[in-house]
Amino acid sequence: MRRACEGLCKRRYKNASYHRWAHGLADAYEKSLEKPKKRIPSVSLIRSKRSYWLDFIAFLKDRYPDLQKLSEVRPLHAETYIQYLRQNGRFNKTVTYRGSVITQERSYQLKSELSPKTINTYQQVLTEVFQLLARDAGIIENPFASIPMLKKESESREAFSEDELAIIRDNLDDFTRPLFTIAIATALREGDICTLKWSDIDFKRDLIIKRMRKTGNMVEIPIMPPLRIYLSQLQTDSAESEYVLPKHAEMYLNNSSGVSYRIKQFLENKCHIATTKTLEGRSRAVSVKDLHSCRHTFCYYAGLYGIPLSIVQSIVGHMTPEMTKHYSAHASLSAKREQMRQLPEFMMLTGLETRDVEAAEREELHRLISTLPIEKVRELLRELR
């Protein structure tokens with residue numbers, strides 16, 4: 001009997017302790033991570049969602065300092081915060097992230113406004129945290145559940161013109177050159193470029209084989225000669241890292257918005273290319289030009305030069321897994337490679353002229369031949385004669 005009572009007391013103490021932290025606002029997000037989900041979130045996604053939650057907490061501390069528990073948050077508090085996001089953007093405008101040195105921190109100021117898509121993302125994250133911890137915190141009504149989502153702006157990214165590509169090429173620096181060079185030649189998204197690994201690149205078959213972060217689809221993208229030479233140069237510089245672009249990978253995984261911010265600054269300040277546009281009937285400007293525009297540029301010029309839709313779709317992977325599988329079955333690697341050779345030279349931002357590419361290819365051939373066994377060399381000679 002005594003043991004049973006002791007066990008009951010321990011369980012009650014444990015449960016009471018559990019409910020104390022489960023109810024707390026400050027550490028609620030960390031506790032929500034312990035709940036099972038359909039998919040295991042990436043480190044970068046966890047970090048982004050945490051920043052959304054902390055912004056909400058900062059807002060509550062400023063406006064409603066007496067709130068301490070999840071169960072104390074009412075629909076009025078949630079509505080007030082969402083309305084603030086819509087009118088003013090994030091409550092905490094300063095974003096701090098780690099630089100290239102672990103002990104070094106950097107920060108920058110966010111713009112005042114957020115896009116409807118971003119505001120909806122904030123709301124979805126906050127709704128999710130309350131939903132995951134509802135039972136533990138004794139929440140009957142999720143305070144964010146009844147707030148309607150904003151209608152997303154339909155304006156999409158615009159393709160770069162030939163003149164804009166020339167301006168971009170002439171102003172590229174060490175940070176932007178690899179991003180734009182790879183983006184325009186492969187149509188990969190910003191996150192896929194920053195996290196591209198050497199294991200994703202098959203130099204023997206001149207292929208990039210990568211699972212896309214956004215859709216989870218696998219894509220096979222032929223590497224054209226100029227890009228191959230450029231990647232070979234990068235491999236020499238970053239051979240010790242698993243990532244093709246180590247510095248970009250570090251920045252993106254620690255603070256993905258920092259990469260987008262620097263690209264916007266480059267386009268606006270160095271290239272004088274407008275990155276936003278004000279739509280009729282809307283008070284805020286929307287983004288229309290950034291690194292993602294390279295995907296649209298690739299698709300636009302591919303269509304302009306008569307590359308079949310099935311080829312383009314199998315390269316960019318912009319479809320459902322079922323449709324990707326269907327189109328990829330009809331788009332062989334040889335067909336992709338042959339069609340991509342039709343793209344104009346200004347689509348390559350490596351800074352290499354055609355004669356440079358040809359010379360580099362001949363040099364590589366000489367190098368490869370010097371490594372072949374003599375039997376293979378004799379076999380090649382017989383074929384060439």
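**Close-up 1. Glu 34 and Lys 31 form a salt bridge.** The closest N and O atoms of Glu 34 and Lys 31 are 3.9 Å apart; a salt bridge here is a side-chain nitrogen of Lys or Arg within 4 Å of a carboxyl oxygen of Asp or Glu. Glu 34 is exposed because its relative accessible area is 56%, while Lys 31 is buried at 19%. For these words, buried means under 20% relative accessible area, exposed means over 50%, and partly exposed lies in between, using a 1.4 Å probe and protein chains only. Please keep in mind that this is a predicted model, in which local features need pLDDT of at least 70 and side-chain atom pairs count only at pLDDT 80 or more, whereas totals for chains, interfaces and linings use all residues. Residues are numbered from 1 along each chain as its sequence is written, and side-chain values use heavy atoms, with hydrogens and water left out.

**Close-up 2. Arg 63 and Asp 62 form another salt bridge.** Here the closest N and O atoms are 3.3 Å apart. Arg 63 counts as partly exposed because its relative accessibility is 40%, and Asp 62 is also partly exposed, at 48%. Side chains of opposite charge can pair when their charged atoms come close. If you would like to look for others, a search of the whole structure finds 14 salt bridges.

**Close-up 3. Strands E3, E4 and E5 make an open sheet.** The order of the three strands is E3-E4-E5, with antiparallel pairing. E3 and E5 stand at the edges with a single partner strand each, so one side of each has no neighbour in the sheet. Helices (H or I, at least four residues) and strands (E, at least two) are DSSP runs, numbered from the N terminus, and two strands pair if DSSP finds at least two bridges between them. Strands of a sheet pair through backbone hydrogen bonds, either parallel or antiparallel.

**Close-up 4. A hairpin joins E3 and E4.** Strand E3 covers residues 201-202 and strand E4 covers residues 207-211, and two bridges link them in the antiparallel sense. Asp 202 stands opposite Leu 207 in E4. Four residues lie between the strands, and in this turn Asp 206 has a positive phi of about 55°. Asp 202 also forms a salt bridge with Arg 205, with the closest N and O atoms 2.9 Å apart. Both partners are partly exposed: Asp 202 at 21% relative accessibility and Arg 205 at 42%.

**Close-up 5. A second hairpin joins E4 and E5.** Five bridges pair E4 with strand E5 (residues 218-222), again in the antiparallel sense. Look for Arg 211, which stands opposite Met 218 in E5. The turn holds six residues between the strands, and Gly 216 within the turn has a positive phi of about 80°.

**Close-up 6. The side chain of Asn 142 meets the backbone of Thr 127 and Phe 144.** Asn 142 sits in the loop between helix H6 (134-137) and helix H7 (162-171). A polar atom of the Asn 142 side chain lies 3.0 Å from the backbone oxygen of Thr 127, and a polar atom of this side chain lies 3.1 Å from the backbone nitrogen of Phe 144. Asn 142 is buried because its relative accessible area is 16%.

**Close-up 7. Asp 170 in helix H7 and Lys 270 are 100 residues apart along the chain.** Their C-alpha atoms are separated by 9.8 Å. Asp 170 is exposed, with a relative accessible area of 58%.

**Close-up 8. Leu 372, Leu 380 and Leu 384 form a nonpolar patch on the surface.** Together these leucines have about 290 Å² of accessible area, calculated by the Shrake-Rupley method with a 1.4 Å probe, where for residues only the protein chains shown count as cover. Patches are made of residues with over 30% relative accessible area and no salt bridge, joining like charges within 9 Å and nonpolar side chains (Val, Leu, Ile, Met, Phe, Trp, Tyr) within 5 Å. Leu 384 belongs to helix H18 (residues 374-384) and counts as exposed because its relative accessibility is 74%.

**Close-up 9. Cys 194 and Cys 271 are both buried.** Relative accessibility is 0% for Cys 194 and 4% for Cys 271. The structure holds zero disulfides, a disulfide being a pair of cysteine sulfur atoms within 2.5 Å.

Conventions:
Polar contact = N/O pair within 3.5 Å; in protein donor to acceptor, adjacent residues only side chain to side chain.
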